[in-house]
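User: I would like to learn how to read a ligand site and a helix pair from coordinates alone. Could we take one feature after another?

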Amino acid sequence: MLEINNLQASVEGKSILKGLDLKVGNGEVHAIMGPNGSGKSTLAQVLAGRDTFQVEGGSVSWDGQDLLAMPAEERARAGLFLAFQYPVEIPGVSNAYFLKAAVNAVRRHRQLPEFDAFDFLARVKAEMKAVGMSEEFLYRSVNEGFSGGEKKRNEMLQMSLLEPKLAILDETDSGLDIDALKIVAEGVNRLRSPERSLIVITHYQRLLDYIVPDQVHVLSKGRIVRSGGRELALELEEHGYGWIGDTGEVPRAPAGAAS
Amino acid sequence: MSAIDIWVRDFHARAGQLPGAQLPWLAGLRQRAIERFADEGWPTRRRENWAHTSLAFMEGQTFDAPDTSADAASEVATEHPATTLARLRADNAEPGHWLVFVGGRHAPTLSAIGTLPAGATLSSLADALAQKADGTASAVEQAFGSSDDGDSPAALNAALAADGAYLRLARGVAVEEPIHLVFIADGTETTRHLRNLVIAEAGAQATLVEHYPDGGANTGENPGATLTTAVTRIEAGADARITHLKLQQEAEQAIHLATLDVRQGRGSVFASHSLSFGARLARNDIRTRFDGEGGEVLLNGLYHVDGRRHVDHHTLIDHATPRCSSREFYRGLIDGNARGVFAGRIVVAQDAQRSDAMQRCDNLLLSRQAEADARPELEIYADDVKCAHGATVGQIDDDSLFYLRSRGLDEVRARNLLTYAFAAEALARIELPALRRRARAALLARLPGADALSELLEEVL
Ligand SMILES: Nc1ncnc2c1ncn2[C@@H]1O[C@H](COP(=O)(O)OP(=O)(O)O)[C@@H](O)[C@H]1O
Ligand SMILES: [Mg+2]
């Protein structure tokens, strides 16, 4: 259970999140939509522990813990996973080493035995197949020279290997063709379980054709301005974000827009 | 003291006993070299190519033997080199040829040269100078160089070099296994001057490792200063393929002044990997000249300095002939108050059309006081050439650091991994897996958190 109360965050003195409230229960999938620059990635990064963003106020509790007090790596070990909108290239570190280090860091924390090389390889190869990545990507440097779609698949691979309790996908669907999109959706749907929570940030509602969210939220200018069921996504699809208005105050949806 | 006249006096005291003292050409060369050194003195900042590295302090630098009792010292001298070597050989199980030097002199009992193909000669320089056979005598004379080569430290080396390796490969001869030249410091001799000569005739092939391992000797609580000068000269004949890997891991108070001087014949392929991890001050002058068309060179370098240490690489690639290609990649890790200097000169002669040169130097600063200088110097007189260069100085990338932490790696480990990864790109250019592994072990020995890293980086996957 994730509970965000009145979260305010800034970067370089510029206020971005301006009092954001959100509750995500166990087993739930929430979609967050909103125009570019509304603060979606900022929210994702603040939740993951990026300290270039200053938390100015508010609180985040996660399964009773004060999430904001934990360093990024502890959040990850405790089961938080962020699929980056822009996965980072790390020349010189092979994807295989990276994946193994990540998986074993989490397993150590859960007091599970670390994988040995052989077991790890078997496991990772099976998951690669599921996300449609060829094994060659194990031996390349992390994300280096990967296409946009390959980077996103690599994020999905990490997610399925790490089996997070709370996964946040930041526009993982952007720039993907329909087949890749289905793979992302499958990954998310496989992860769905009563003890896991998922936050899917997306710009388009088409991902939500494959991932049926419990709730949809609209983020505008650093606040959740509207929440609803999945029909809200369709409404946004039809009318765009323009109707949210410049002030961030949201008019009622035009009559007849909701199905 | 190492004031100039002390070196000159030292030279006159020793000249008669130096190997090859009976050879008139060598006696003359040495005499001219010491005169040149006396005339020029140690390079200061005012001298071209020494703007970032002054050796003026050498005037007042002493190289006293460590203050140990005669017994203890002789024990150090007899025991440590063998232990050092045993460690090295244990880490290098692959077959190879070992030519070992202790305190600047060939140590036959520690050396182990395997079976070499016919046409390959590997010996100490002192032995080669003692050879009466005409072929050898004139080959050594030709390859030795002159008193005018390089800057004044190279002249001092020409005057005083007492030993080194001599490798000669006749036409088409390939030595498969790496040839390890190991220069072990000795507890009593604090200065050494080494000269290595490599003559590879047309089509010959060899891989040489020039290794200055971390001490054994002279690493007590207050290690005194030591001086190594080393000049390695390589003649790569037409279509020869020579790889030279230098691993410099000298002790903390060492001063290391080295030159690598290469001549490349038509179609030859030469690779230099210069790994500089030790010494208080290390200066490497690396030069190659294309004497025929179609040659290729790789100058690959990696350095790590911390504390108040200083490392300087000055390279020169002389595209004197058409259609040659050069690739140069230097990477530096600079920590503490240390300083890393790189100056890469590329000269393309007027008629060296279709030359293809590429140079990069990238530095990673690991502390706020660390300092890097990276300077390309391109002199291009031909018009049909490809020439690219770039230099960067930066810190650990924040985005990468966060990405790793977001996957559960703690910050220290993430930093160490990124530091290692930065350097690993240089190691990846070392072709032979055994040498690459060795270079990696040497790098990890310098970086913090190596245990956690090496477990992570095991090549099992
Ligand atoms: N590191 C940063 N430095 C300065 N401004 C930033 C930084 N990151 C985000 N911003 C700004 O914060 C706002 C929200 O950005 P972001 O959270 O990335 O939006 P979204 O993901 O919804 O498109 C934008 O105006 C963006 O320019
Ligand atoms: Mg975004």
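User: Which residues come nearest to ligand 1?

Analyst: One begins with the shell of residues around the ligand, keeping in mind that this is a predicted model. Here the shell around ligand 1 holds 13 residues, of which Ile16(A), Gly37(A), Lys40(A), Ser41(A) and Thr42(A) come nearest. By class, that shell divides into four nonpolar, six polar and three charged residues.

User: What lies 2.8 Å from an oxygen atom of ligand 1?

Analyst: For polar contacts, one looks at pairs of N or O atoms within 3.5 Å. A backbone N or O atom of Gly37(A) is the partner at 2.8 Å from a ligand 1 oxygen, while backbone N or O atoms also lie 3.0 Å away in the case of Gly39(A) and 2.9 Å away in the case of Lys40(A). Of the 560 Å² of accessible area that ligand 1 has on its own, the protein covers 65%. Two elements of chain A, β2 (14–24) and α1 (40–48), each give two or more residues to the shell, and α1(A) gives the most, with three.

User: How are α1(B) and α2(B) oriented to each other, roughly parallel or roughly antiparallel?

Analyst: Angles over 145 degrees count as roughly antiparallel. Helix α1 (residues 4–14) and helix α2 (residues 24–40) of chain B pack at about 170°, their axes 10 Å apart, and they are therefore roughly antiparallel. In their contact, Ile4(B), Trp7(B), Val8(B), Phe11(B) and His12(B) of α1(B) meet Arg30(B), Gln31(B), Ile34(B), Phe37(B) and Ala38(B) of α2(B); by class, these are seven nonpolar, two polar and one charged residues.

Terms used. Residues are numbered from 1 along each chain as its sequence is written. Chains are lettered from A and ligands numbered from 1 in the order in which they are written. This is a predicted model: local features need pLDDT of at least 70, side-chain atom pairs count only at pLDDT 80 or more; totals for chains, interfaces and linings use all residues. Side-chain values use heavy atoms; hydrogens and water are left out. Axes are lines fitted to C-alpha atoms, for helices over the stretch in contact, and angles run from 0 to 180 degrees between N-to-C directions. Helices (H or I, at least four residues) and strands (E, at least two) are DSSP runs, numbered from the N terminus. Angles under 35 degrees count as roughly parallel, over 145 as roughly antiparallel, 65 to 115 as roughly perpendicular and the rest as oblique. Contact means heavy atoms within 4.5 Å. Ala, Val, Leu, Ile, Met, Phe, Trp, Tyr, Cys and Pro count as nonpolar, Asp, Glu, Lys and Arg as charged, and the others, Gly among them, as polar. A residue is near a molecule or strand if one of its heavy atoms lies within 4 Å of it. A polar contact is a pair of N or O atoms within 3.5 Å; within protein, one must be able to donate a hydrogen and the other to accept it, and residues adjacent in sequence count only if both atoms are side-chain atoms. Accessible areas come from the Shrake-Rupley method with a 1.4 Å probe; for residues, only the protein chains shown count as cover.
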